[in-house]
Amino acid sequence: MVQKLRWGIIGCAQIATGSVMPAIMNSDSGVITAVASRGLEKSSAVAAEFGIEKAYGSYEELLADKEIDAVYVPLPNHLHREWVIRAAEAGKHVLCEKPISLNSAEAAEMVKACNDAGVHLAEAYMYRHHPRIAELQDIIASGEIGELRSIRGTFTYNDATDTSNIRFKSAWGGGSLYDVGCYPLSAARLLFGTEPEAVSVHAKFSPEHDNVDMMASGLVEFPNGLSLIFDCGMWAYNRQLLEILGTEGRIEVPMPFNARDEDAEFFVYTGDEVRRVDATGANPYIRQVDDFATAVFTGKRLIAPEDPVLSMRLVETCLASAKQRQRISML
């Protein structure tokens, strides 16, 4: 790809410096033009580390830079709405870290602002860009495991001792559903290819952690009897798994949301046979950057423009179900 998308990074969060910025630098499609923080000292240090020409001491300065085509927003969840809309108004395409907002109403505002400005908006679910996802979809479509019946998804880790972590601030969009539960929720919508009808979620809300949900388990009902059974947590043993169950077999996907080159395999069980599939390896962050650039340059999208709104509608309904201790219909 000869044409390069010129990126600005709004914030110096670890996900930016550890994953997304290296991905842009190693991509075929992008170059980092500038980085901004709330103080020039931090952004200058990051710019020096990555060899970036420009560092800004405010997000506003970066958005005013005419040499930036797109911005990546890794800010805390409660700031996503403001800075995505301001970026759109400045004519920048936007890759926003997940979850894209605190609720579906905010997400709808963000999508509308980007549509009105004629810029591309994407929610940074990097796992969707790993080639293994397309390979899973091909096997499902082939009928090898029969008709789909259910999906089981898990994503847990234990970081409970770090009580200053922004993931434990309720007003900032903290909690396990926002942080990691959104992954199996997103995967089920993607693999089923349809939207849910109802949810029932039970959660552990911790006073020690600003009453965010530190663990949640739930049932998501999809049309035609399909279901997602999931659990997520920030105060539980580290694990990830996705199991896709059909009438004639099942697929077991280890590390479904953090796969790289070296751990992209999955297993297909049919009858008494177990088939290991060594899926195509890739860095999903690089693939995400290149797919984003393709959408900007050609208009070819992998995900529908309204997907972030539907995604947040499911997350917010799961959280409401957990708080109200009841099943909630989404019809």
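**Exercise 1. Find the elements that the salt bridge between Glu-109 and Arg-81 connects, and say how accessible the two residues are.**

The side chains of Glu-109 and Arg-81 form a salt bridge with 2.8 Å from N to O; the term stands for a side-chain nitrogen of Lys or Arg within 4 Å of a carboxyl oxygen of Asp or Glu. Glu-109 sits in helix α5 (residues 104–117) and Arg-81 in helix α4 (residues 80–89), so the pair links distant parts of the chain, 28 residues apart. Helices here are DSSP runs of H or I with at least four residues, strands are runs of E with at least two, and both are numbered from the N terminus. Glu-109 is partly exposed because its relative accessibility is 36%. Arg-81, at 30%, is partly exposed. The classes are buried (under 20% relative accessible area), exposed (over 50%) and partly exposed in between, with a 1.4 Å probe and protein chains only.

The model is predicted: local features need pLDDT of at least 70 and side-chain atom pairs count only at pLDDT 80 or more, while totals for chains, interfaces and linings use all residues. Residues are numbered from 1 along each chain as its sequence is written, and side-chain values use heavy atoms, with hydrogens and water left out.

**Exercise 2. Place the salt bridges of Asp-69 and Glu-243 in the chain.**

Step one: the structure holds 20 salt bridges. Asp-69 pairs with Arg-6, and their closest N and O atoms are 2.9 Å apart. Asp-69 lies in the loop between α3 (59–63) and β4 (70–73), and Arg-6 in strand β1 (residues 5–10), so this bridge ties together parts 63 residues apart in sequence. Arg-6 is partly exposed, at 32% relative accessibility.

Step two: Glu-243 and Arg-152 meet in a salt bridge at 3.2 Å, N to O. Glu-243 belongs to strand β11 (residues 235–246) and Arg-152 to strand β7 (residues 148–158), and the pair links distant parts of the chain, 91 residues apart. Glu-243 is buried at 15% relative accessibility, whereas Arg-152 is partly exposed at 34%.

Step three: a network of salt bridges links Arg-128, Arg-189, Glu-195 and Asp-307.

**Exercise 3. Describe how α7 and α9 cross, and which residues make the contact.**

The axes of helix α7 (residues 176–192) and α9 come within 10 Å and cross at roughly 120°. Axes are lines fitted to C-alpha atoms, for helices over the stretch in contact, and angles run from 0 to 180 degrees between N-to-C directions. The two helices are therefore oblique to each other, since angles under 35 degrees count as roughly parallel, over 145 as roughly antiparallel, 65 to 115 as roughly perpendicular and the rest as oblique. Residues in contact (heavy atoms within 4.5 Å) include Leu-177, Tyr-178 and Arg-189 of α7 and Asp-307, Leu-310 and Leu-319 of α9.

**Exercise 4. Do the same for α1 and α8.**

The axes of helix α1 (residues 14–25) and helix α8 (residues 284–298) come within 8 Å and cross at roughly 60°. α1 and α8 are therefore oblique to each other. Ile-15, Ser-19, Val-20, Ala-23 and Ile-24 of α1 meet Tyr-285, Ile-286 and Val-289 of α8.

**Exercise 5. List the contacts of Val-309 beyond its sequence neighbours.**

Val-309 is found in helix α9 (residues 307–324). Neighbours within four places in sequence aside, Val-309 is in contact with Ser-104, Ala-107, Ala-108 and Val-111.
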